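Subject: Structure for your review

Dear colleague,

Please find below the structure that I am handing over to you. My findings follow it, grouped by region.

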Amino acid sequence: MAKVVCVLYDDPVDGYPSNYARDGLPKLDRYPGGQTLPTPKAIDFEPGVLLGSVSGELGLRPYLESAGHSLVVTSDKDGPDSVFERELGDAEIVISQPFWPAYLTKERIAKANKLKLAITAGIGSDHVDLQAAMDRGITVAEVTYCNSISVSEHVVMMILALVRNYIPSYQWVIKGGWNIADCVARSYDVEGMQIGTVGAGRIGSAVLRRLQPFDVTLHYTDRHRLPEAVEKELGVTFHPDPASMVGICDVVTINAPLHPETENLFDEAMIARMKRGAYLVNTARGKICNRDAVAGALESGQLAGYAGDVWFPQPAPKDHPWRSMPHHGMTPHISGSSLSAQARYAAGTREILECWFEGRPIREDYLIVDGGKLAGAGAHSYSAGDATSGSEEAARFRAKV
């Protein structure tokens, strides 16, 4: 029998939903490019329901308990007295989401003597100290591609919201006003702009494809260059590094994984290279951008707007400056946790568990760390090291709730 500890975000403030805005989800056959969707032998949930909160349990309890395993589900993840900390000691498997990450630091991994598998229900496993996982022989896996399109849609939405000054305009309606001049004084067209992505993997490429019809000029930088045919199809220009690209762009969107090479990439110096009045959108990871440099650039006008749904730590403390800085379009980390995406990452988590318990290989695409080294998607996207330092600050937020 295995003990599985699953960390999920809290239920809605009014309780777990008894009904939903829509009946069911559109049926998808496969991801763009041909990769198949998750293929578990069965699921014990209805696609389109809330699975990512505590009561949803990713639909895993019937499956795990019928096989004799135990499941602990909690949202209490930060600090030495948290449920997660208490339950971790004898856990074989930990499941967490990027939106409410259970930070598996080196110190926590050292305490988890039985831990063999860390699953990210979603994509992005930087909340795990990957170097410590390699050193301990822990397998790390995530549900690659499950919410890449979800995030790319969120990116396009945020670009349009910033450039068209949507959020302040909406707020005038709520306040009962008809203040057209106030609304349009910071509103522009996206048409004709230069837009670049840092990272052109599944999410970054999907962003480029969705922006192409807006009659913009597209740019990208990535350590893995796209095939020439794809560059030609998208009409996109490659740049060898972010520093050589950002000065050209009116909008920069970050779609790269967090690891030691990208941590604090957008610091004061990088933001100073950008056009005055450029927009920065970050749905990748909060630590890729320097917290105070972003806030300062919005105050000074170097940036015209910043939007994203990723923070560090997560959840963000109530006094985090990104909550109160001007001209922002921040949301909690929701871009990859739509009800549509949840159905896929819950099914993918079940697929990984089935493979693990049955001794079958986990999909290569899902592997981040295996056999003491970066593997699969991890070998392509990450570098060795740790990006979890400072995560203990998340306990400050929970202490004040």
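A salt bridge here is a side-chain nitrogen of Lys or Arg within 4 Å of a carboxyl oxygen of Asp or Glu. By that rule, Arg 285 forms a salt bridge with Asp 126, and the closest N and O atoms of the two are 2.7 Å apart. Please bear in mind throughout that this is a predicted model.

The two domains

The protein is divided into two parts: domain 1 covers 3-144 + 337-375 + 383-398, and domain 2 covers 147-330. Their C-alpha centres lie 27 Å apart.

The size of an interface is often given as the accessible area lost when the parts come together. For domain 1 and domain 2 this buried area is about 2100 Å², with 51% of it on carbon and sulfur atoms. In terms of residues, 33 from domain 1 are in contact with 24 from domain 2.

As to specific interactions, the count of salt bridges between domain 1 and domain 2 is 2. Across the same interface, 11 residue pairs are in polar contact, both residues of each pair being at pLDDT 80 or more. On the side of domain 1 that touches domain 2, helix H13 (339-358) and helix H15 (394-400) each supply at least two residues. H15 gives the most to that side, with 4 residues. By character, the residues on this side of domain 1 comprise 13 nonpolar, 11 polar and 9 charged.

Helix H12 and its surroundings

Helix H12 spans residues 291-300, and its buried residues are Ala 293, Val 294, Ala 295, Ala 297 and Leu 298. An α-helix has 3.6 residues a turn, so residues three or four places apart point the same way. The buried residues of H12 pack against helix H11 (268-273) and E11.

Both ends of this helix deserve a remark. At the N-terminal end, Asn 290 acts as the cap of H12, with a side-chain oxygen 3.2 Å from the backbone nitrogen of Asp 292. Just after H12 comes Gly 301, which takes a positive phi of about 95°.

Backbone geometry to check

Which peptide bonds are cis? One is the bond from Phe 312 to Pro 313, with omega near -10°. Another is the bond from Gln 314 to Pro 315, for which omega is near 0°. Pro 313 lies in the loop between strand E11 (303-308) and strand E12 (328-330), and Pro 315 is likewise in the loop between E11 and E12.

There are also residues with a positive phi that are not glycine. Glu 57 has a phi of about 55° and lies in the loop between strand E1 (3-7) and helix H1 (61-66). Leu 58 also has a positive phi of about 55°, and this residue too is found in the loop between E1 and H1.

Are Glu 57 and Leu 58 buried or exposed? The cut-off for buried is under 20% relative accessible area. Glu 57 therefore counts as buried, at 18% relative accessibility. Leu 58 is buried as well, with a relative accessible area of 0%.

Yours sincerely

Terms used:
Residues numbered from 1 in each chain as written. Predicted model: local features only at pLDDT ≥ 70, side-chain atom pairs only at ≥ 80, totals over all residues. Heavy atoms only, no water. Domains from an automatic or database assignment. Contact = heavy atoms within 4.5 Å. Buried area = accessible area lost by both parts, 1.4 Å probe. Polar contact = N/O pair within 3.5 Å; in protein donor to acceptor, adjacent residues only side chain to side chain. Nonpolar A, V, L, I, M, F, W, Y, C, P; charged D, E, K, R; others polar. Buried < 20%, exposed > 50% of the residue type's maximum accessible area, 1.4 Å probe, protein only.
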